[in-house]
Amino acid sequence: MGSCCSSNKIVKETFDYPDGGVYIGDLENHLPHGRGTIKWPNGALFEGQFIDGKKTGKGLFRWNDGSYYDGYFENDVFHGYGEYCWTDSKIYKGNWSNGEMEGEGEMLYPDGKIYKGYFKSDKKDGQGEMMWPNGDKYIGQWKKGQQHGKGVLIDYKGNKEEAIWNKGKKQ
């Protein structure tokens, strides 16, 4: 019996972006579509899913300065759950919408602080909890990145102080 002549070879093709990025991966209708990688001359790299030439689905973006985003994209922007690590080692793990931290998330700061709560337009906004390395914490409302509204300060000994905050200042 003869064998079939079909091949299971996966052919990777290239696509050049106007910004100098070179894509290697699956193409459909002459655009990145499926799984692939973009490498830029400055050393930045993206590996992940594409639909109609745009980063859409799960992916990892590494910038040449060492920062990275590992998560979901939609139409070339962060959208869905993802983790972003800045060059100063600050890390955000949480939800993104249209490229901004939006919804529930956690921010780990290089100095040891941890914020768990809600974000809006890249800022702490809504209910959240900030914990400091010494054991102190604030549980309460935030607006545009600052404590704003009802909140409780709890020191490392467990002493509680309820207060109203306005633009980051206790009233």
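Me: In the hairpin of β8 and β9, which residue takes a positive phi?
Reply: Quick background: this is a predicted model, where local features need pLDDT of at least 70 and side-chain atom pairs count only at pLDDT 80 or more, while totals for chains, interfaces and linings use all residues. Residues are numbered from 1 along each chain as its sequence is written, and side-chain values use heavy atoms, with hydrogens and water left out. Strands (E, at least two residues) and helices (H or I, at least four) are DSSP runs numbered from the N terminus. The hairpin has 2 residues between its strands, and the one with a positive phi, near 50 degrees, is N98.

Me: Over how many bridges do β8 and β9 pair?
Reply: Two strands count as paired if DSSP finds at least two bridges between them. One bridge here joins G94 to its partner G105 in β9. The two strands run in the antiparallel sense, and the number of bridges is 6.

Me: What about β7 and β8: which residue in the turn of their hairpin has a positive phi?
Reply: These strands also pair in the antiparallel sense, over 6 bridges. Their hairpin has 5 residues between the strands, and the one in the turn with a phi of about 75 degrees is S89.

Me: Which residue in β8 does Y81 stand opposite, and is that residue buried, exposed or partly exposed?
Reply: Y81 stands opposite N95, and N95 is found in strand β8. Leaving out residues up to four places away in sequence, N95 touches G80, Y81, E100, M101, E102 and E104, where contact means heavy atoms within 4.5 Å. Buried means under 20% relative accessible area, exposed over 50%, and partly exposed in between (1.4 Å probe, protein chains only). At 31%, the residue opposite Y81 counts as partly exposed, and its name is N95.

Me: How far apart are the C-alpha atoms of N95 and H30?
Reply: Along the chain, N95 and H30 are 65 residues apart. In space, their C-alpha atoms are separated by 32 Å.

Me: How many aromatic pairs are there?
Reply: Rings of Phe, Tyr and Trp (its six-membered ring) pair if their centres lie within 6.5 Å; planes under 30 degrees apart are stacked, over 60 edge-to-face, and the rest tilted. By that rule, the number of aromatic pairs is 23.

Me: Why is the pair of Y69 and F73 called edge-to-face?
Reply: The ring centres of Y69 and F73 are 5.1 Å apart. Y69 is buried at 0% relative accessible area, and F73 is buried too, at 5%. The pair is edge-to-face because its planes stand at 90 degrees.

Me: How many residues apart in sequence are the parts that Y69 and W96 tie together?
Reply: The rings of Y69 and W96 are edge-to-face as well, since their planes are at 90 degrees, with centres 5.5 Å apart. W96 is buried at 6% relative accessibility. Y69 lies in strand β6 (residues 68-74) and W96 in strand β8 (residues 91-97), so the pair ties together parts whose separation in residues is 27.

Me: Which residues touch the most other members of the largest nonpolar core?
Reply: A nonpolar core is a set of buried Ala, Val, Leu, Ile, Met, Phe, Trp, Tyr and Cys residues joined through side-chain atoms within 4.5 Å. The largest one holds 24 residues, and the elements giving two or more residues to it include β6, β8 and β9 (100-108). The members that touch the most others are I38, F46, W96, M107 and Y115.

Me: How many salt bridges does the structure have, and which residue does K55 meet in one?
Reply: A salt bridge is a side-chain nitrogen of Lys or Arg within 4 Å of a carboxyl oxygen of Asp or Glu, and the whole structure has 6. K55 is in strand β5 (residues 54-62) and its partner is in the loop between β6 and β7, so the pair ties together parts 21 residues apart in sequence. K55 is buried at 10% relative accessible area, while its partner is partly exposed at 33%. With N to O at 3.4 Å, that partner is D76.

Me: Which residue's ring has K113 over its face?
Reply: K113 also forms a salt bridge with D111, with the closest N and O atoms 3.6 Å apart. A charge sits over a ring if NZ of Lys or CZ of Arg is within 6 Å of the ring centre and within 35 degrees of the ring normal. At 4.9 Å from the ring centre, K113 lies over the face of Y109.
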